[in-house]
Amino acid sequence: MTAVENQPSTGGGEPAPAKGRRPLGRPMLYTAYGQDMALLNTGAKKVAVAVLLVVGLLLPFVLEDDLLRLLATGAVLAIGAIGLNLVTGYAGQVSLGHAFFLGIGAYTAAVVSGDPEDDQLYGLGITFLPVWLIAGGLAAAAVGFVVAPLASRLRGLYLAIVTLGLVFLGTHVWNEWDAVTGGIGVGRPAADPVLFGVDLSRRTEVFSADQQLYLLMTALLVVFALLGRNIARSAIGRSFAAVRDRDIAAEVTGVDVRKVKRRAFVISGFYAGCAGALLYSITGYLDPSSFGLLVSVQFVAMVLIGGVSTISGSIMGAFFIALLPRLTRELPEYLPFLSSSATETPNVFQVETLLYGLLIVAFLLLEPRGLFGLWVRIRNYWKAWPFSY
């Protein structure tokens, strides 16, 4: 008797599937919760992720350095966008103060990595990247923990106004605390990306500085994206969704609403702090004017354009916003009335600011799920082709 004949029958003439395996001839049908909840639960997802990783590793050998630096910036922005999406998209807490947490992470990392012999600026001289990166994230998370009790008592527009106040508070602190920030118009060096004794911001015999920074930021994006995806799939993520959808019903079912909101702000603050620390290590320079309201608006645009409540959408939106200036810089060649100088009007910088608002409105009206929603529509169309449904 064969192994198939030894298997118990399902009553329909075919053997029952072994435990933990899909039934024969029935794709996407699972017999265990672990299969359905797996991070890559289909063969198509596994292949797609493998292709993306291979392409990502090959890009440094194909693209020019200036474009690699732009992609490295997009990877860091994606980390910050994931953090904002966790608190706004998953937990439903509208936050306009993301730039404040980015500033805390950036300046904490700069102080930890700074020169201790500098008489004008604070510095500890610890240039090892994991140390100042984690320090920047924890500092922003700690501030998020302090702000969270106030924010947990508010919702909607009131919460947005409170978090907006953090941006103006941070601007005042950055402008006045010269020993940390260097002062207006002066600034200070950002954290040095040193890993195991190698300064990744300097060219080596094998790789250029931009190639090294791109590979580093891409690797960190993969780590933070996996962490965010697992948070969203865990009990913490489900509690976020419960509070977002109906906080009163969530509290009735035993969810501690205030605790969930505090946890969302702490996690989001950690992501923002790490993103701020990494973002300015690419440019190597920090200025107090770098953390204004426009930065918060840009991150909101990343979340809304990419897709609310999706990690993949956060990454899509971040790269879209990162690459947008590269496209607008080319407009003067096709539209002669636009200037590339900030002192003349109209100029490409004004067009960029206008586009942020227009894109947010357009996606909210036409495609609320953002770029990720467009991808889902395309994917579902080809799954059902040639049928309409």
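A crossing of two helices is called right-handed if the near helix is turned clockwise from the far one by less than a right angle. Keep that in mind as we look at this predicted model, beginning with helices H5 and H6.

Helix H5 covers residues 98-113 and helix H6 covers residues 129-151. Their axes come within 8 Å and cross at roughly 140 degrees, which makes H5 oblique to H6. The crossing of H5 past H6 is right-handed. If you would like to find the contact on your screen, H5 contributes Phe 100, Phe 101, Ile 104, Gly 105, Thr 108, Ala 109, Val 112 and Ser 113. From H6 come Val 131, Trp 132, Ala 135, Gly 136, Ala 139, Ala 140, Val 143 and Gly 144. Sorted by character, the residues of this contact are 11 nonpolar, 5 polar and no charged.

Now let us move along the chain to helix H17, residues 370-384. With 15 residues at 1.5 Å a residue, H17 should span 21 Å, and its end C-alpha atoms are indeed 21 Å apart, so the two values agree. Its buried residues are Gly 370, Leu 371, Phe 372, Gly 373, Val 376 and Ala 384. Among the elements that cover them are helix H13 (293-306), helix H14 (311-328) and H16.

The loop between H16 (348-366) and H17 holds Glu 367. Is this residue buried or exposed? Glu 367 has a relative accessible area of 7%, and because buried means under 20%, Glu 367 counts as buried. Beyond its neighbours within four places in sequence, Glu 367 is in contact with Ala 362, Gly 373, Leu 374 and Arg 377.

Key
Residues numbered from 1 in each chain as written. Predicted model: local features only at pLDDT ≥ 70, side-chain atom pairs only at ≥ 80, totals over all residues. Heavy atoms only, no water. Helix = DSSP H or I, 4+ residues; strand = E, 2+ residues; numbered from the N terminus. Buried < 20%, exposed > 50% of the residue type's maximum accessible area, 1.4 Å probe, protein only. Contact = heavy atoms within 4.5 Å. Axes fitted to C-alpha atoms, helices over the stretch in contact; angles between N-to-C directions. Parallel < 35°, antiparallel > 145°, perpendicular 65-115°, else oblique. Nonpolar A, V, L, I, M, F, W, Y, C, P; charged D, E, K, R; others polar. Expected span 1.5 Å × (residues − 1).
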